[in-house]
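Visitor: I'm new to this one and don't know where to start. Could you pick out one part, look at it closely, and then show me how the rest hangs around it?

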Number of protein chains: 2
Amino acid sequence: MTDLRTSVVERAQLAMILEVAAYPKPGNVDRCHDFPDTTLEHFLASAILARPALEEAATGKGRIGEIIKHAVRDTNTHGGGNTHFGAFLLLVPLVYGKDIQGALEAIAHTDSSDAVAFYKAFAMTAVRMPAGDELDVNDPHTLTLIRERDMNLMDIMQHSAANDMVAREWVNGFVLTRRGADLLKELGPGRQSIVRMFLTLLATEPDTFVIKKHGLAVANETLLAARDVLDGRRSAEDLDEECIRRGINPGSIADIVIASIYIALGEGWSWES
Amino acid sequence: MTDLRTSVVERAQLAMILEVAAYPKPGNVDRCHDFPDTTLEHFLASAILARPALEEAATGKGRIGEIIKHAVRDTNTHGGGNTHFGAFLLLVPLVYGKDIQGALEAIAHTDSSDAVAFYKAFAMTAVRMPAGDELDVNDPHTLTLIRERDMNLMDIMQHSAANDMVAREWVNGFVLTRRGADLLKELGPGRQSIVRMFLTLLATEPDTFVIKKHGLAVANETLLAARDVLDGRRSAEDLDEECIRRGINPGSIADIVIASIYIALGEGWSWES
């Protein structure tokens, strides 16, 4: 039984460990697979090390952008590269505001200082940007541009939404996060519901992390393959094996799955089967 | 690289997740195995949920017995049964005192209120006691006996040391904890050093958890089998498979391995290979 007295911070940490432990999740690090430079332990350690930033978020005070930067800074102390950058982009406002409604209110109050802090966090990661992006994280002029245009963090997310489904969650009111949480509650308790929810989201929208790395055709192919798994025409293990072999890791769906688990835990869904 | 600025609390939590994730560890829950009622997720969740008690320990104030009770209470909210009771018995004084020397000083200051709180924690778990123990956790008279004899928590550990290698760590100055930490530093960074250290401790002393469940003969047999693995006469996977099949889980060695990882992390050992 998930204890509803569990704090929002613990729920966020549980969401991170439950997502990475669930298997088989096609293409991502999970209980059965590491990547060459990023292992299960990196994701688990990141969930532990994110605690101070999540505690900061839970106060419901302070600047969202700055808190995201703290989460990235504190979890970058390991050498496994980016683990939870996208997840923090969702979890920090969700923990700050407790639920989706609260997160949207918190997001509405961001300003250009949040946008600048977020860009500094972004620069600490190895996350890719589309070539030719006007707000290139590697261009020192970008911070000046953000300040000159007085862009807040929501403006940044609107700028990124076309190419990034995590940013899109901010813009569209956490639609996929909400859908994932509802799916968990429909599917019932336990690990296998996380896997099924992951596959369902994967079969719903092409993963933008996969698009950035392999192009839209491969992302759509993965979406259709996830449908095949859901319809019983293919095993999850088989798709997992293919994704691993081809380096297709739906990392943005994984970030949203974490946010969905966080919401579902807060609404009484139990991770224990 | 393990960041030495990592707090003692984070180190304790990292030790818990690194121990359970390491594989193949003969007979225990690990990345490759669940037990029917206790899964990898239960151990990971326990590491997250132990945080408030570990924070309490890190202040170096308050009563050790009470803090152990809080750790057990807060992690018993899941349905996976006992996960880290023995580990808390080691980690709480180690976090309280920061290192082994500090833990021994903290232990020296326990009194009968710690002993009573510890027994209340014990009663919350499903951990076995040898039949006919004078201080039976299921006998309500035991608490009266502890108070009448003015036994402190060290007295309790001395009482238990013959049959429990975790209690023995208190009595003998954390000898195996120290040996495990030294082994990790000798073996070098990474997951495989945890597995090798686990096997080395398993090959050194019969696991008292196995003795309680299966008798001394089986525990000694497991000890010799661990030597065979270390000497290359048998694979760790093969011994793991046999232990799982026979229900032999060296849980007390696992508790000590957690304490050893905690100490080694504090002395600069890195979990990343």
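Guide: Let's start at A:Arg246, which is partly exposed, with a relative accessible area of 33%. That label uses a 1.4 Å probe on the protein chains only: under 20% relative accessible area is buried, over 50% is exposed, and partly exposed lies in between. Keep in mind that this is a predicted model, where local features need pLDDT of at least 70, side-chain atom pairs count only at pLDDT 80 or more, and totals for chains, interfaces and linings use all residues, while side-chain values use heavy atoms, with hydrogens and water left out. As for names, residues are numbered from 1 along each chain as its sequence is written, and chains are lettered from A and ligands numbered from 1 in the order in which they are written.

Back to our arginine. The side chain of A:Arg246 meets that of A:Glu221 in a salt bridge, 2.8 Å from N to O. A:Arg246 belongs to helix α15 (residues 236-246) of chain A and A:Glu221 to helix α14 (residues 216-230), so the bridge ties together parts that are 25 residues apart in sequence. A salt bridge here is a side-chain nitrogen of Lys or Arg within 4 Å of a carboxyl oxygen of Asp or Glu, and the helices are DSSP runs (H or I, at least four residues; strands are E, at least two), numbered from the N terminus. Like its partner, A:Glu221 is partly exposed, at 38% relative accessible area.

Over in chain B there's another bridge worth a look: B:Arg63 pairs with B:Asp111, their closest N and O atoms being 3.6 Å apart. This one links distant parts of the chain, 48 residues apart: B:Arg63 sits in the loop between α3 (51-58) and α4 (64-75), and B:Asp111 in the loop between α6 (100-108) and α7 (112-124). B:Arg63 counts as partly exposed at 34% relative accessibility, and B:Asp111 gets that label at 32%. Meanwhile, our starting pair has company: salt bridges that share partners join A:Glu221, A:Arg234, A:Asp238, A:Glu242 and A:Arg246 into one network.

Counting over all chains, the structure holds 44 salt bridges. One of them joins the side chains of A:Asp34 and B:Arg31, at 2.9 Å from N to O. It crosses between chains, and each residue comes from the loop between α1 and α2 of its own chain. A:Asp34 is partly exposed, with 26% relative accessible area, whereas B:Arg31 counts as buried at 3%.

That brings us to where the chains meet. Contact (heavy atoms within 4.5 Å) takes in 32 residues from chain A and 32 residues from chain B. The buried area, meaning the accessible area (1.4 Å probe) that two parts lose on being put together, summed over both, is about 2600 Å², with carbon and sulfur atoms giving 60% of it. On the chain A side, A:Arg31, A:Glu41 and A:Ile48 lose the most area, together 27% of what that side buries. A:Arg31 also forms a salt bridge with B:Asp34, with 2.9 Å between the closest N and O atoms. In total, six salt bridges span this interface.

There are also 13 residue pairs in polar contact across it, with both residues at pLDDT 80 or more. (A polar contact is a pair of N or O atoms within 3.5 Å; within protein, one must be able to donate a hydrogen and the other to accept it, and residues adjacent in sequence count only if both atoms are side-chain atoms.) The elements of chain A that give two or more residues to its side are α1 (8-21), α2 (40-49) and α3 (51-58). Of these, α2(A) gives the most, with seven residues.

Finally, some backbone oddities. A cis peptide bond joins A:Tyr23 and A:Pro24, with omega about -10 degrees, and A:Pro24 lies in the loop between α1 and α2 of chain A. Chain B has a cis bond between B:Tyr23 and B:Pro24, again with omega about -10 degrees. A:Phe174 isn't a glycine, yet its phi is positive, about 60 degrees. You'll find A:Phe174 in the loop between α10 (165-171) and α11 (175-187) of chain A, and it is buried, with a relative accessible area of 0%.
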